[in-house]
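Got your viewer open? Let's walk through this one a selection at a time.

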Amino acid sequence: MTTRSVLIFSRFERFWHWAQMALIFALMFTGLAVHGLHRTIDFETAVTVHTWSAIALIALWLFAVFWHLTTGTWRHYVPTTKGLWTVARFYAYGIFKGEHHPYRKVYWRKHNPLQALAYLALKLVLFPAIWISGIAYLGYNLWADASGWLGVVAAVHLLSAYAILAFVIAHIYLLTTGHSFVAHVKPMVTGYDEVDLTDAEESYLRERGLLARKGPGSPP
Amino acid sequence: MLKMVLTGLLLVSTQIALGKSAVDVDMNFRLVKEVAPTLRTESSSTADHTKFEALQGPFRDGPEVTRACLSCHTEAGKQFMSTIHWTWEGTEPDTGRQLGKRHLVNTFCTNARGNEGICAQCHASYGWKEEDFGPAGLKWEEVVDAGDPNNIDCLVCHDRTGTYYKSPLTEGNEACSVMFQGKPPIDLGEAARNVGSVGRENCGTCHFYGGGGDGVKHGDMDSSLTRPTRPVDVHMDADGLNFACTRCHVSETHAVAGSRYHVTAKDNEGTGKPGERRNAATCESCHGLSPHPIDSVAGVKLNDHVDRIACQTCHIPAMARGGVATMTDWDWRTAGRTQNGEGFKETNYTQGDGTHRDTYKSIKGSFEYGEHLQPHYAWFDGRIRHTTIDTAFDPAEAPIAINRFGGSAEDPNSRIWPFKEMRTVQPYDKGNNTLVYMHLWGDDEDAYWGNYDFARAIEAGMAHSGLPYSGEYGFIETLSYWPITHMVAPKEEAVACAECHAREGRLAGVGGFYLPGRDGRWVDWLGVLLVGGALLGVLGHALLRFASSARRRAS
């Protein structure tokens, strides 16, 4: 078992992540303007930017779903209880004792069990909730009569948005819990991260050119 | 006649003595300052009426002109006499109550019935003689309903010289002689030879002056629409589209589309097939059901509004924008004050065009005006319910809506409409809890506009119509609502989204539906829990980490 710097976030995955981040921030800002929580931009602009950002994000998600399915990366998100408790214990207790993170990244499992579970919940619950309610909201006139369901749709949409905002806060905070904030963000920029590899994995990845030529953990 | 001239002279001299303008716009149609006809550019007539032999005159009187008109337009008399312009009558669909100026009580001069001597100068007729009036006013059934078509006044609508005018049918009391200021006599032949499709000033002769003066009643109709600028009305803009009223109020055999009694609050038909819709004055009958261009998100989204928001709600940002004020409050309680035994008036409101408006008149009471007013918004299904002369109400529920509108968010045929809201304090029958007819106009001892005695005027007004009256009157606060549909602004001046999509916006008082930007505040509290919880958790966690690592370093 050796630790190597490996390309774990492909170009599409990084693009997906950062484009999604930008769109979520744009949607959050314009959405709260539409909801009337701030008036830094006018309503018409807010609605316009919100709508186009939402359409772009849905398109991005369609590509991402396709990517997950075709590349098999969906396996990273299969929930597991193995190690879940250890990670939870670390964040709730060990981190204050100066312990090291108990999870070691492996090539076929780039997220720790708690992280994978959180992302899975985001992708299967919050994201569908916000885009289904969002499409219902946007296309209200196509399905609703005078029955007043818009309030319900809007409440689901808003609640999902607030939950996503809570997720973003926790997500950014957790970047500060490792060696450094930068060390956590860097893999999503360069694509490379330290991963424990079996010998077989290492030789396979070396042959495919997916190991960093230079960098921490690369052979001297 | 001598009396009229003398009082007229007296009035002019008093006005000069007081340094006031001799022009008093809000008393009578005859005082319209500008008489040149508006231009109708879209006429497609195939006849030149100046060449018609029958119109060469000379004409002794109006009916003689009408006889000439009807000699060619053989069916026009019968057609016109079946319209509300002639009958002044209609029925409320679900209650069967009698509507129309012949019956209704309003919140202005309160009733035309019994006061036709002045009010029916807006009835397109002539020829009523002394014997056509009884104690209850004009004998509608006998002389109007069974009337002679030759008594139709064609010219008041179709004169295109701008010189035609009407005067009150009867003379009235001395106190009202201000109305008889001199005007050049009408050249009936000239008017007859210059007939045409109606121009804005023809309709305006009556409709701009409803309620007893320029712009008093409606808030969206006043003399500024004779020659409006583009900001005042994008369609009637005299230098632009220059629409005549009939461009929207299309007519067929003299039946004119568009009614305030039965409003098309929501048009589901749109433009229809070419030439099909001759009975619609709706915006949709020209602009269709998806009027906004769909080249932007905003445009698509605006089209989503059409089913619940009347076009007028966004496209008429304010009422009375043409420099003419509309009346907002009328208090009859103060009427009847005199100075040295004479009626008087105060003129303490100066409107946008510089004209002074009466704020007090002995014959009517006190008034307030407004310009550039934001309308009142409400769900509206097109049906106006009236408090008629025979409708009893509970005075404890005042203000009493003299015309209230139906509609709600749950009703798919209702839309949010703009209204002018008028507040009045007017006499009512304290014993029977009904409205009253007042005998205002007449050269007799009972007419309020002369004796300043409500008790007598009400007694007479009710008795003349054979209505029960308890003998005791009081004053009650009333409201009336006037759907706003004219003075459509250019699109760049339409109401912006955030004027409604806001917590305290224009629609703050309109309920029954979810309005983004206004509603859903309870969700924010859950949001505060979620987001605040995350922030607190993160902050607590960070503090603990900081403290524990500091302790570790120290040890």
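Which residues touch the most other members of the largest nonpolar core? Keep in mind as you look that this is a predicted model. Select A378(B), I416(B), W417(B), V436(B), M438(B), L440(B) and A457(B): those are the ones, out of 73 residues in that core. Now color strand 16 of chain B, residues 415-429, which gives the most to this core, with six residues. As a rule, nonpolar side chains in soluble globular proteins tend to be buried together.

Next, zoom in on I416(B). Leaving out residues up to four places away in sequence, I416(B) touches R308(B), I309(B), A310(B), T313(B), Y377(B), A378(B), W379(B), L507(B) and V510(B). Then pick F80(B), M81(B), L155(B) and V198(B): they are among the 26 residues of another core, which lies apart from the one you just saw.

On to where the two chains meet. Show the contact, and you'll have 36 residues from chain B and 30 residues from chain A. On the chain B side, helix 11 (297-303) and helix 15 (521-554) each supply at least two residues. Highlight helix 15 of chain B, since the largest share of that side, 14 residues, comes from there. Color the chain B side by residue type and it splits into 18 nonpolar, eight polar and 10 charged.

Last stop: hide chain B and look at chain A. You should find eight helices and two strands, running β-α-α-α-α-α-α-α-β-α from the N terminus. The C-alpha trace of chain A spans about 70 × 40 × 35 Å along its principal axes. Of the 220 residues in chain A, 21% are buried.

Terms used
Residues are numbered from 1 along each chain as its sequence is written. Chains are lettered from A and ligands numbered from 1 in the order in which they are written. This is a predicted model: local features need pLDDT of at least 70, side-chain atom pairs count only at pLDDT 80 or more; totals for chains, interfaces and linings use all residues. A nonpolar core is a set of buried Ala, Val, Leu, Ile, Met, Phe, Trp, Tyr and Cys residues joined through C-beta atoms within 7 Å. A residue is buried if 20 or more other C-beta atoms lie within 10 Å of its own, exposed if 12 or fewer, and partly exposed in between; C-beta atoms are placed from the backbone. Helices (H or I, at least four residues) and strands (E, at least two) are DSSP runs, numbered from the N terminus. Two residues are in contact if their C-beta atoms, placed from the backbone, lie within 7 Å. Ala, Val, Leu, Ile, Met, Phe, Trp, Tyr, Cys and Pro count as nonpolar, Asp, Glu, Lys and Arg as charged, and the others, Gly among them, as polar.
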